[in-house]
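Q: Please take a close look at a single part of this protein, and then set that part within the whole. I am new to this structure, so a connected account would help.

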Amino acid sequence: MKMEKEMRKFCPRCKTHTMQAVAIYKKGKDRTVAEGARRHAEDKKGYGGQKFPELKRTAKTTKKITLRYTCKTCQRKTMKEGRRIRKLEI
């Protein structure tokens, strides 16, 4: 699916519709020293095995793409969960 790079959208800071740049949100790298990651690594260690059952194959063929909008006037960034599509082209 093709999408425009800029669109008019409501900005909560400006409290009006402004032109906003559209980008696909990408998740950052996980921290290995985070509390949840350390707890999960501790549970996996030893003879106990995996804490949750590992999925052999995924049930869904697509993922919901999260869109990040950047306001042109105040640079405020807002995110919105997009549609479930295979590929998004901006």
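A: **Thr18 and its surroundings**

Thr18 counts as buried because its relative accessibility is 9%, where buried means under 20% relative accessible area, exposed over 50% and partly exposed in between, with a 1.4 Å probe and protein chains only. This residue lies in strand 2; helices (H or I, at least four residues) and strands (E, at least two) are DSSP runs, numbered from the N terminus. Leaving aside residues up to four places away in sequence, Thr18 touches Met7, Arg8, Lys9 and Cys11, and also Cys71 and Thr73, a contact being heavy atoms within 4.5 Å.

The model is a predicted one, in which local features need pLDDT of at least 70 and side-chain atom pairs count only at pLDDT 80 or more, while totals for chains, interfaces and linings use all residues. Residues are numbered from 1 along each chain as its sequence is written, and side-chain values use heavy atoms, with hydrogens and water left out. The pLDDT, which is the predictor's confidence in each residue from 0 to 100, has a mean of 92 over the protein, and 100% of the residues reach 70 or more. Among the elements, strand 2 (residues 16-24), the strand that holds Thr18, has the highest mean pLDDT, 97, whereas helix 1 (residues 35-44) has the lowest, 90.

A second threonine can be described in the same terms. Thr62 is placed in the loop between helix 1 and strand 3 (63-71), and Thr62 counts as buried because its relative accessibility is 17%. Again not counting residues up to four places away in sequence, Thr62 touches Arg84, Ile85 and Arg86.

Turning to the whole, the protein has 1 helix and 4 strands, which follow one another along the sequence in the pattern β-β-α-β-β. Of the contacts between residues at least 6 apart in sequence, 47% join residues at least 24 apart. Buried residues, such as Thr18, make up 18% of the 90 residues. The radius of gyration, taken over C-alpha atoms, is set against a globule rule of 2.2 Å times the number of residues to the power 0.38; a compact globule of 90 residues would have a value near 12 Å, but the protein has 19 Å. Along its principal axes, the C-alpha trace spans about 55 × 30 × 15 Å.
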